[in-house]
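Hi,

Here is the structure I promised to pass on. Have a look at it first, and my notes on what turned up follow below.

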Amino acid sequence: MKTRHQTSILFLFITSLAFGQTATLRGLVKDAYNNEPLPFVNIVIDGTNTGTTTNQEGEFIFEELTPGFIQLQLSSIGYENKLTEEINLSAVRSNYIEVVMKQKTTQLEEVQVTAGSFVRRGESPVSLRRIGIEQIEKGAGASRDLAKVLQSFPGVGAAVSFRNDLIVRGGGPSENRFFLDGIEIPVLNHFSTQGASGGAVGILNVDFIREVDFYSSAFPADRGGAMSSVFEFKQIDANKDKPSFKSTLGASEISLSANTPLGEKTGGLFSVRRSYLQFLFDQIGLPFLPTFNDFQFRTRTRFDQKNELTLLGVGAIDEFKYNPSPEPSEENRYTLQYLPAYEQWNYTVGASYKHFMERNYYVLALSRSHLNNVISKYEDNEVDNPDKLLTDYTSDEIQNRLRFEVFSNPGKYTLKGGVNLESASYYNRTFARTFRDGQEELIRYESDLDFFQYGAFGTVSRKYFGDKLDVRLGFRFDGNSYSDEMNNPLNQLSPRFTASYDLMPQVSVTFNSGRYFQLPAYTMMGYRDNSGELVNKNNGLKYIHADHLVAGLEWRPNSYTRIGLEGFLKDYDNYPFSVNDSVAMASKGGEYGTFGDEEVTSTSEGRTYGLELLIRQKSPKGFSYILAYTWSQAEFTDVDGNYVPSAWDSEHLLTFTFNKSFKNNWDFGLKWRFAGGLPYTPYDFEKSKDVQAWNVRGREYPDYSRFNEKRLPSFHQLDLRVDKSWMFPKFSLGLYLDIQNVYNKQNENPPRLVQRLGEDGEPVVVNPSAPANNQEYDLKELISTSGTVLPTIGVILEF
């Protein structure tokens, strides 16, 4: 038996192991355009006096560093100063990074590193936010989900707390585009809404994310198809010497990832994830049981100094089925009556070949994406009764994309140009019972659609007046073979202009103006009537476009603080307008299932405008915060051409995010978020109580003649998070406690309708002797709230 003295010695020994571990960082610095290694580059760890210099081969090493998040500041004569993204140093695995630097057009006699903790990216000095890995890893209320982290930034709203719809500057969830290492990924979330971007849980593994560039305007010319935002996800470099592994047990899933060399010239990242949500939902009595799986991989092969090839893939398999024994509540009964069951899978695989020359390089990227969506719904969920079938939907979307880009820096100008080509295939088989114009209607069709998309783009930029003025001009052309309205790329000319000027070392002003085009959802393009006609093609469906105007002022009072104010205006035209509901499709796309598979016309107009304030500080004392406020208005025209609020018009968004690191590997974070109440449309009681109408939809019908006439109360919520890590010689162990909605704020839902039940448990018909087409259910209003204290414990094991 151990004595108390022996136990104390053992505890002290383990503690010294846990807290005595240090980290080593190796890296390589290269020229951005010719890929040549850069010798004698000065490198300093941001916020410290610790520094080093690259050797003749451009390599550097830092040893005996404290594990955690750091940034590197780099400087070299003839090159622009560089501040890297955040690097997550581990004591139990290799830490490796490659950094590229751009040549300056103005040579300086003396080099000084003055970047501070934030960087203004040259690609777009306006409406661009860089999101570091520390915010993703440690953000309160996010559970390491990228989409939830984004809600800390100005202009980003959300539909409801349990979905990952991104509402950027009042734009709908279908107006965003996502790129992973330069490859477009159409699907970002599990249980994705086809035709839009929302879903329940993010797909990407945050362990592989190095940084995120979030554009809310001034989109790069090579990134087409967006009207509200572009997200560039960039992944870490793989280990060069030995493999490492990481396992995470989170709130809803377990994952395993590997970071490993695959040979002398190749490194790889691999991960798989499996959810156990269905067990949790069953235990708490919810009416549905979701299950998801996903995978992700990336390899990079450096054939030689001038040629490299990157292969990547990401995909998911989702299943959404009913709970056979849910909690017998009115809320659950309401959900079961309308919610369909569905299965969904998707993937994107891509290859990117990069070749470097003297002052330029080119990239050839090829990718394939495929989304399969199967949805079914039976009246009263009687799946064994074919007469009760309400919806039977199967759909495939396939895109094969090819993009060629050239990047050049011949001197005073920086040039970028290229072309893109895409073959698109869309298949849809639909059976749906609906209720229109006082009677039940059957929609039944098959659609098989193939067409090509093509585009060209270019950008030129230059700095003037000693680099104080940065001017950028860009353009895009887009077209496709779908119809005469869309095949001429000159009709989709997308010019853009961006300028920034440093009034003084700490103050700059920015400006952007541009026109951006987006192809309507495939579900709209492939929609047919029962006779097989492409209804929306016959209606003259067009590209949607939005004109952006943005102006901003930024003040950097010190190296660790950034204060920015931006005003924005977005003017929409040719927006699809729902013929059946007489509302702009800009207000749709925030529910599960599909978006856009209905008759539309390109006749709606819209506008969103507002102001954004961002105060951001990252102190060398170990804390950081983000204060973001947005005031905005979002409006679209109705059937009479009058502007009415869109479904995403929250008016006010205020978020405060705070993170603090303490000694002994403790971290604390909080997020408080306020959002003005969203508009909603009252229900149509007369139509809803019709027995035939109710049986088809299983819930109330909106009264679109009163579209968004009402508004919900404001939303606010406090989230807290605590992290603790232990470092051992062969592994590290991390625990976190994330508590969402700490003070249990109950947020109101729009009023709903449910059927009154008789003593036999069956719905009550108020006039059972009337003819079948005149019978009415006895309905009552259901007032409900959402929101509960949600604690989550996570375990992260790295070895």
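A word on terms before the notes: helices (H or I, at least four residues) and strands (E, at least two) are DSSP runs, numbered from the N terminus. Please keep in mind that this is a predicted model, in which local features need pLDDT of at least 70 and side-chain atom pairs count only at pLDDT 80 or more, while totals for chains, interfaces and linings use all residues. Residues are numbered from 1 along each chain as its sequence is written, and side-chain values use heavy atoms, with hydrogens and water left out.

Let me start with a lysine. Lys138 lies in helix 2, which covers residues 133-138. Lys138 counts as buried because its relative accessibility is 14% (buried means under 20% relative accessible area, exposed over 50%, partly exposed in between, with a 1.4 Å probe and protein chains only). Leaving aside residues up to four places away in sequence, Lys138 touches Phe69, Asn659, Asp667, Arg721 and Asp723, where contact means heavy atoms within 4.5 Å.

Next, the strands. Two of them pair if DSSP finds at least two bridges between them. An open sheet of 3 strands has the order 4-1-9 and mixed pairing. Its edges are strand 4 (59-65) and strand 9 (95-101), each of which pairs on one side only. From one strand to the next the twist averages 20°, with axes being lines fitted to C-alpha atoms (for helices over the stretch in contact) and angles running from 0 to 180 degrees between N-to-C directions. Strand 1 (residues 23-31) runs antiparallel to strand 4, and 5 bridges join the two. In that pairing, Leu25 stands opposite Phe62 of strand 4.

Further along the chain, strand 32 (residues 544-558) pairs with strand 33 (residues 561-578) in the antiparallel sense over 12 bridges. A hairpin through 2 residues joins strand 32 to strand 33, and Asn558 faces Thr561 of strand 33. Strand 33 also pairs with strand 34 (residues 600-618), again in the antiparallel sense, over 16 bridges. Here Ile563 stands opposite Ile615 in strand 34.

Now the aromatics. The structure holds 36 aromatic pairs; rings of Phe, Tyr and Trp (its six-membered ring) pair if their centres lie within 6.5 Å, and planes under 30 degrees apart count as stacked, over 60 as edge-to-face and the rest as tilted. One of these is the tilted pair of Phe320 and Tyr592, at 6.3 Å centre to centre with 35° between the planes. This pair links distant parts of the chain, 272 residues apart: Phe320 belongs to strand 23 (residues 307-322), and Tyr592 to the loop between strand 33 and strand 34. Phe320 is buried, with a relative accessible area of 7%, whereas Tyr592 is partly exposed at 26%.

Phe497 and Phe511 make another tilted pair, 6.3 Å centre to centre and with 55° between the planes. Phe497 is in strand 30 (residues 494-504) and Phe511 in strand 31 (residues 507-518), 14 residues apart. Both partners are partly exposed, Phe497 at 30% and Phe511 at 32%.

Phe320 and Tyr592 come back in one aromatic cluster, together with Phe191, Phe281, Phe288, Phe292 and Tyr342.

Lastly, two arginines. The charged end of Arg607 sits over the ring of Tyr643, 3.8 Å from its centre, and that of Arg697 sits over the ring of Tyr701 at 5.4 Å. The criterion is NZ of Lys or CZ of Arg within 6 Å of the ring centre and within 35 degrees of the ring normal.

Best wishes
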